[in-house]
Amino acid sequence: MRWPPRVKDALGSLSARLLGAFLVPTLLFLALTGTAVYALARAILEDELGSSLSALAAATAAQVNGERMLTLEPGDDVTETRTWRNLVRQLTDVRDASGLRRVFLVDTAGRVRVDVGGGLPVGAEAPELARDRLELSRVFAGQRAASQVLFQGSDGLLYKTGYAPVRREGQVVGAVAVEGSAAFFGPLARLSRSFAAASVGALGVLALVALVTARGLARPLRRLMDSALRIGRGDLTTPVPPEPTREIGVLARELEVMRGALESRDRQLKLMLAGVAHEVRNPLGGISLFSGLLAEDLAAGALQDAGGHVTRIQHEAAYLQRIVEDFLAFAREQPVSRAPVAALALLREASDLLAADATARQVEVVVVADAAMLEADGSLLTAAVVNLVKNAVQASAPGGLVQVTGRDAGPHYRIQVRDGGAGIPEAERERVFEPFFTTREKGTGLGLPLSRKIARAHGGELRLLSTPEGTTFELTLPLGPQAPRPVDGRATEPSPGK
């Protein structure tokens, strides 16, 4: 069956599902429980009624004289013989005293001898006996019994029959049958109706609870849905409101973290685009300028200046390539391939890579480090240290000293790169890790952000320790499995940069 969209949405809503989850199992439980209790109560009451009627029949049979019963012949009820009157009076007293509907005597052939309340004449066959042939066979065998089924009387009520044998000199010669009303069906029916009414009331209460619960859950979920839709439409500035419910609150917090991460990434992307436009403009302008001058010189035949123009074009192209590589390195999510890395060897390699720059600026780089093993990506970590040492060399005056130290500090390894420059102004210290922030004329401002990104990818951190006498950047990394150390545990190596 195809439902209309509006009906389909309503059936698929949280309220409808909670309502179904509450009501359907409860309805099944109440229906099964009610049916089982009703059937059990009816069976118990029927058995109790049958036992009572058969006991009453046995008590009556004990008072009946079997010899006198057999002397009754057809027509005795018409002439009202003395024997017939005495038996009728005896059975009537039993019927009235016990509140029975009918009491009658039959012989082993199934012919009526006395019928009080049924109106059958003496000698007639009782049709009711055909219904209870199995029970009568037990009675004529000397046991008492009760009919297994209820039957409906002419008054519309249900009745049950109890039987007991009538004896003469120890031999069964007939049976007493007593019919009693199953009056318990009245209270049982009322109990069943009361149970049904209580079940309907309970279902109503559960439906109300389900609706209230569904609305209580739907409101915060709807707010989260609205927040998710806003994020999906590109609104990354509106925060996700917190929720008091623990589980939904965790979801809201995680969604807010995701929104913040997307907002940060979007902001970085915009900064990157602006930085690309700004940084690329200058080298492209230089390339355009010197390529134009080169074309003019070639046209005029002034070849003596052509080599200088080509050199400047190549320089600007190399700078442009470095800008692109820095942007790609910062934007790319580089996987960390961890392996054991010797900290001392890593610091030496980073300082060696900058030996030429340090020599050109007449700066000495000294490495003093504890021997330790790091679980890290050697190439990425080397790039991060190179950025720190490069900044320190560029910040140092000619004849300055850059100190690279490594210390084993318990579960972490701390690398410090210290220069002897003028330090970073306090107003700029909070921004040094912002992408594209730089105080140099030529610089992308991505070196420190990239180094911090690499540090955090390794489970570490990069922070600034700045003083008026110089600047120190501290890179903290978790230690890996340790190899045996030298006795002093430390090595010192000056750079050939001075």
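This is a short talk about one helix pair and two residues of helix α2 in a predicted model.

Okay, let's start with the helix pair. I'm looking at α13, residues 378-395, and α15, residues 447-457. Their axes come within 9 Å of each other, and the crossing angle is roughly 145°. As for the hand, that crossing is left-handed.

So who makes the contact? On the α13 side you've got L380, L381, A384, N387, L388 and N391. Facing them from α15 are G447, L448, L450, S451 and I454. If you sort those contact residues by type, seven are nonpolar, four are polar, and no charged ones turn up.

Right, over to α2, which covers residues 14-63. Two residues here, S54 and A57.

S54 sits in that helix. Is S54 buried or exposed? It's buried, because its relative accessibility is 6%, and the cut-off for buried is under 20%. Leaving out anything within four places in sequence, S54 is in contact with R144, A145, G162, Y163 and A164.

A57 is in α2 as well. Its relative accessibility comes out at 0%, so A57 counts as buried too. And what does A57 touch, once you skip residues up to four places away in sequence? That would be G162, Y163, A164, V176 and V178. So G162, Y163 and A164 are on the list for S54 and on the one for A57.

One last distance for A57: take V166, which is 109 residues away from A57 in sequence. C-alpha to C-alpha, A57 and V166 are 9.6 Å apart in space.

That's what I had, thanks.

Technical notes:
Residues numbered from 1 in each chain as written. Predicted model: local features only at pLDDT ≥ 70, side-chain atom pairs only at ≥ 80, totals over all residues. Heavy atoms only, no water. Axes fitted to C-alpha atoms, helices over the stretch in contact; angles between N-to-C directions. Helix = DSSP H or I, 4+ residues; strand = E, 2+ residues; numbered from the N terminus. Left-handed = near helix turned anticlockwise from the far one by under 90°. Contact = heavy atoms within 4.5 Å. Nonpolar A, V, L, I, M, F, W, Y, C, P; charged D, E, K, R; others polar. Buried < 20%, exposed > 50% of the residue type's maximum accessible area, 1.4 Å probe, protein only.
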